[in-house]
Amino acid sequence: MPDAPRSEKQLLERAGRLAGRTLQMTATDIGLALPGNPGHAKGWIGTIAETFLGATARNLAEPDFQLIGVELKTLPLGKNGLPRESTYVCTVPLVDTDDLTWETSTVKRKLDRVLWLPVEGDPDIPYAERRFGSAFLWSPDVHQESQLREDWEELMDMIILGQLDRIGSSLGNILQIRPKAANAASLGRSWDEDGNPAATLPRGFYLRSSFTAGILSSHLGS
């Protein structure tokens with residue numbers, strides 16, 4: 001595994017070597033085998049990119065490149081050049097939430113500085129032949145951070161009040177909460193509105209694709 005990048009410049013130079021490369025080429029170079037069934041490979045593209053670029057955080061609630069405080073987010077694009085799906089940010093805390101603030105939240109830590117890495121996501125392109133695009137660095141501007149904070153605070157207030165079951169994917173202008181697992185074997189702890197323990201599926205924070213499309217458009221237009 002490559003050493004962790006020690007500067008944003010070094011990270012961008014390394015990411016530049018990914019541009020135009022296929023998933024198969026990249027996986028071969030780092031000694032990983034592509035999954036036989038891409039439908040069961042959620043997150044695999046991110047794993048390939050993290051390994052190639054020298055990410056160190058693994059599953060910790062910290063930016064992927066810990067030394068320089070940069071998070072990696074892959075951005076699958078369709079034929080129209082737009083993001084095909086929402087972008088996972090981090091797990092939603094469902095217990096021990098009383099002292100959480102936006103400033104200390106994992107969402108803010110993850111999104112303060114992001115390396116966006118576009119990748120072909122058109123299902124008509126064979127998985128192994130999909131190519132990485134040109135990566136770019138981004139930080140939320142004042143307006144974007146205000147929107148993120150507003151969404152986060154509204155959603156977390158509902159969780160603290162035990163209203164998790166009332167949170168649908170329609171809530172949140174740019175940041176939404178969705179279930180992160182599909183079956184009862186993944187149930188975790190939460191609280192209901194009466195303050196009683198409850199079992200529920202884990203949840204994740206996601207950025208809406210309309211928001212990431214705007215980030216991509218601003219980058220291409222800059």
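## The antiparallel sheet

Let's start with an open sheet of 3 strands, ordered S2-S8-S5, with antiparallel pairing. Strand S2 (87-91) and strand S5 (175-179) sit at its edges with a single partner strand each, so one side of each has no neighbour in the sheet. On average, neighbouring strands here are turned by 35° against each other, direction ignored. Keep in mind that all of this is read from a predicted model.

Strand S8 (residues 203-207) and S5 run antiparallel and are joined by 5 bridges. In one of the pairings, proline 179 stands opposite arginine 203 of S8. Helix H5 (residues 142-160) packs on this sheet, where it touches S5 and S8, and its direction makes about 40° with that of S5.

## The mixed sheet

Now for another open sheet, again of 3 strands, in the order S1-S3-S4 and with mixed pairing. Its edge strands are strand S1 (71-77) and strand S4 (136-138), each of which pairs on one side only. Neighbouring strands of this sheet are turned by 35° against each other on average, direction ignored.

S1 and strand S3 (residues 114-120) run parallel, with 7 bridges joining them. If you want to follow the register in the viewer, glutamate 71 stands opposite valine 114 in S3, and leucine 75 has proline 118 of S3 as its bridge partner. Two helices pack on this sheet. Helix H3 (residues 44-53) touches S1 and S3, and its direction makes about 135° with that of S1. Helix H6 (residues 209-221) touches S1, S3 and S4, and its direction makes about 115° with that of S4.

## What is tucked away

S1 is an edge strand, but 6 of its 7 residues are buried, so S1 is largely enclosed by the rest of the structure. H3 is in a similar spot: 7 of its 10 residues are buried, so this helix too is largely enclosed.

Which residues of H3 are buried? They are Ile45, Gly46, Ile48, Ala49, Thr51, Phe52 and Leu53. The cover over the buried residues of H3 includes helix H1 (8-16), helix H2 (23-29), S1 and S3. Just after H3 comes glycine 54, with a positive phi of about 90°.

## Two nonpolar cores

The largest nonpolar core holds 29 residues, and those touching the most other members are Val89, Val107, Trp116, Ile159, Leu175, Phe205 and Leu207. H5 supplies the largest share of this core, with 6 residues. Apart from it lies another core, of 22 residues, including Ala15, Leu34, Ala55 and Ala135.

What does leucine 207 touch, leaving aside residues up to four places away in sequence? Its contacts are Ser86, Thr87, Val89, Leu111, Trp116, Leu148, Ile174, Leu175 and Thr212. Among these, Val89, Trp116 and Leu175 are also on the list of core residues that touch the most other members.

## How far to trust it

The protein chain averages a pLDDT of 88, and 88% of the residues score at least 70. Where does the mean pLDDT of the elements bottom out, and where does it peak? Strand S6 (residues 188-191) has the lowest value, 49, while S4 has the highest, 98. So much for confidence; S4 is also the edge strand of the mixed sheet that H6 touches.

How values were computed:
Residues numbered from 1 in each chain as written. Predicted model: local features only at pLDDT ≥ 70, side-chain atom pairs only at ≥ 80, totals over all residues. Heavy atoms only, no water. Pairing = 2+ DSSP bridges. Helix = DSSP H or I, 4+ residues; strand = E, 2+ residues; numbered from the N terminus. Axes fitted to C-alpha atoms, helices over the stretch in contact; angles between N-to-C directions. Contact = heavy atoms within 4.5 Å. Core = buried A, V, L, I, M, F, W, Y, C linked by side-chain atoms within 4.5 Å. Buried < 20%, exposed > 50% of the residue type's maximum accessible area, 1.4 Å probe, protein only. pLDDT = per-residue confidence, 0-100.
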